[in-house]
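Trainee: Please choose one part of this structure and take me through it slowly, explaining each term when it first comes up. I would then like to see how that part fits with the rest of the chain.

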Amino acid sequence: MQSKLLRYTFGRLAFAIVFVFLVSSSALLLARLAPGDVTSGLVPAGVSAETIARERARLGLDRPLLEQYVGWVGRAARLDLGESYLYQRPVGELVGERVGNSVVLGATALALATIVGLPLGVVAGARPGRIAAIVRAASVAALSVPPLISALALAFVAARTGWFPVGGLPPPDPAATWVGAASMFVWHLTLPALALALPFAATIEQLQAQAMTTALGEPHILAARARGVPETRLVWRHAWRTAIRPVAAVYGIIIGTLLSGSFAVEVVAAWPGLGRLMYDALVNRDVDLVAGCAAAGAVFLSAGTLVSDLALAALDPRARQEAS
């Protein structure tokens, strides 16, 4: 049994490596095939055609696409993601700097979504009535609004009320104490975390509510109720354990999506994470940086899916049998 589970884990790891390679390769090729390149911004500035040609030759942009791609694959195999044209720095170094901010934002949003979504889903699924109807209506509303609109709406409210800043994370103040620096960080984190957490909280709530309704009709739950098990214990201990499987099945995808950085939310909130870095790379046609950001996002998504599968196998014996 253990050997089969190990083979399953190694198989998923191999799939994750292939997935990361395909995503980053696709991002690189699509960015290369798009009209223009990083030197296109020199044309409006009045730079001569000869100077632009020399710059393209220096950057290797005048070589055939296949040759450029093969060169990138060779460097990527050595974990060298190239150098950013925009920042004149290694792509791996830039991505590493932004990963921390995206992880903090994603982890905070995930915690908020879980703390709100799971209990509301249990209540809505176990106690049909007015409260469940209100919860369902709120979830539908949250799912209907894209994160971009949520971020814009929260930014508008923050700008009008002054409750939260809307200008992004400022550079650290050397004179500030660690308490002051942490407070400033949390103050700037709140708005993008809320905008990112709302749709995922609604997703978790709806999955949990539907699964809870189904779980309460299972024979072993009905038998426990017939034996006089208190309703609160029946819901929060027995039925919830059965109903957690659908949520666990998609939890890894949620983790990967959150930690890879939300493009729209980070751009609107000017949060210096992977999403913002990807936006800057796309605008400036910095293809190596685009591929590096895509690879980082794919790593998070693959890791989240793997963790979800392993957690599901640990929680549910049926999933362990399927994995083996």
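Mentor: Let us begin with Tyr 69 and Trp 72, both of which are buried, where buried means under 20% relative accessible area, exposed means over 50%, and partly exposed covers what lies in between (1.4 Å probe, protein chains only). This is a predicted model, in which local features need pLDDT of at least 70 and side-chain atom pairs count only at pLDDT 80 or more, while totals for chains, interfaces and linings use all residues. Residues are numbered from 1 along each chain as its sequence is written, and side-chain values use heavy atoms, leaving out hydrogens and water.

Tyr 69 and Trp 72 are three residues apart in helix α3, and therefore about one helical turn separates them; helices (H or I, at least four residues) and strands (E, at least two) are DSSP runs, numbered from the N terminus. The structure holds two aromatic pairs. For such a pair, the rings of Phe, Tyr and Trp (its six-membered ring) must have centres within 6.5 Å, and planes under 30 degrees apart count as stacked, those over 60 as edge-to-face and the rest as tilted. In the other pair, Phe 15 and Phe 19 have ring centres 6.4 Å apart and planes at 20°, so this pair is stacked. Tyr 69 and Trp 72 also form a stacked pair, with 6.2 Å from centre to centre and 25° between the planes.

Staying with helix α3, we come to Arg 75, which forms a salt bridge with Asp 288, the closest N and O atoms being 3.8 Å apart; the term stands for a side-chain nitrogen of Lys or Arg within 4 Å of a carboxyl oxygen of Asp or Glu. Because Arg 75 lies in helix α3 and Asp 288 in helix α12, this pair ties together parts that are 213 residues apart in sequence. Arg 75 is partly exposed, at 24% relative accessible area, whereas Asp 288 is buried, at 4%.

After α3 the chain runs into a loop leading to α4, and Gln 88 has its place there. Although Gln 88 is not a glycine, its phi is positive, at about 55°, and with a relative accessible area of 48% the residue is partly exposed.

On the α12 side, Leu 289 touches Ser 84, Tyr 87, Val 91, Leu 94, Leu 277 and Ala 281, when residues up to four places away in sequence are not counted, and a contact here means heavy atoms within 4.5 Å. Leu 289 is also one of the residues, together with Val 95, Leu 196 and Leu 258, that touch the most other members of the largest nonpolar core, which has 46 residues. Such a core is a set of buried Ala, Val, Leu, Ile, Met, Phe, Trp, Tyr and Cys residues joined through side-chain atoms within 4.5 Å. Among the elements that give two or more residues to this core are α3 (65–77), α4 (91–126) and α12 (287–315).

For the wider picture, the chain has 13 helices and zero strands, and buried residues make up 38% of its 324 residues. Of the contacts between residues at least 6 apart in sequence, 76% join residues at least 24 apart.
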